[in-house]
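Please find below my notes on this model, set out as numbered points. They begin with the nonpolar core and then turn to individual residues.

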Amino acid sequence: MGRILGCLALLVISSHAAAGLDDITYAEAVRGLRQALSDGSAAAVAQLGVEDGFFANPRVKIPLPPSLQKIERGLRAFGMRREADELVLAMNRAAEAAVPEARQLLTDAVKKMSVQDAKGILAGGDTAATEYFQRTTRSQLGQRFLPIVRKATDTVGLAQQYNALAGQGAALGLVKEDQASIERYVTQKTLDGLYYMIGEQEKAFRANPVGASSTIVRKVFGALR
């Protein structure tokens, strides 16, 4: 299977007319792809899975759920500014605590990559690898993140109030299912933030392979440009 994967990967990269591709072996193509996926996902987890990884990053910071955003000014006007701020901080701290759980699943996804997956990633667009991760890990990661997020938000009073109201709203079809509770909302936003950052890593090494930390990634993706 490994040899078949390598041969197909070589066929994919050989379809490009860039100079230097003749110097890439099938084994190097596969190794470079796997290394790039591992490096990119590890970097994203490392950036997000620390204090302020979400909260201080405007690209992924988790805001109040849309239904609460609509009344946020009212909450603050009625002396609930502290509660609103506390909930935003708790949501982002929950995301930061959950993200490290992704490390092993992302690593496993790289190891389990199929022939067709490898072909699609090598020949795909700027975020083909990120899309592969979403297809293969999002559901499992959501299950792992949810209890961590719930534990981090359970003690916040405004979160409990939101859950009571949103649950009723969801039952009536007035609130989207993924916003029916704070923990579901934060879990989905955590996943969105994680895949966004993996995508940014992927775009970076595709656009500038010279900046990659691994020689094999530089060689393979440099040839694909």
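**Notes on the core and two helix residues**

1. The largest nonpolar core (buried Ala, Val, Leu, Ile, Met, Phe, Trp, Tyr and Cys residues joined through side-chain atoms within 4.5 Å) has 45 residues, and those with the most contacts inside it are Leu37, Leu87, Met91, Phe133, Leu141, Val186 and Leu194. At least two residues of this core come from each of helices H2 (26-48), H5 (81-98), H6 (102-111), H7 (115-123), H8, H9 and H10 (182-207), helices being DSSP runs of H or I with at least four residues, numbered from the N terminus. H10 provides the largest share, 8 residues.

2. This is a predicted model, in which local features need pLDDT of at least 70 and side-chain atom pairs count only at pLDDT 80 or more, while totals for chains, interfaces and linings use all residues. Residues are numbered from 1 along each chain as its sequence is written, and side-chain values use heavy atoms, with hydrogens and water left out.

3. Leaving out residues up to four places away in sequence, Leu37 touches (heavy atoms within 4.5 Å) Val110, Met113, Ile121, Ala129 and Phe133.

4. Thr130, in helix H8 (residues 128-153), counts as buried because its relative accessibility is 4%, the limit being under 20% with a 1.4 Å probe and protein chains only. Its side chain reaches the backbone nitrogen of Gly199 at 3.3 Å, and, neighbours within four places in sequence aside, Thr130 is in contact with Tyr195, Ile198, Gly199 and Glu202.

5. Gln160, in helix H9 (residues 157-171), has 46% relative accessibility and therefore counts as partly exposed, the class between 20% and 50%. The C-alpha atoms of Gln160 and Ser181, 21 residues apart along the chain, are separated by 8.7 Å.

Conventions: A polar contact is a pair of N or O atoms within 3.5 Å; within protein, one must be able to donate a hydrogen and the other to accept it, and residues adjacent in sequence count only if both atoms are side-chain atoms.
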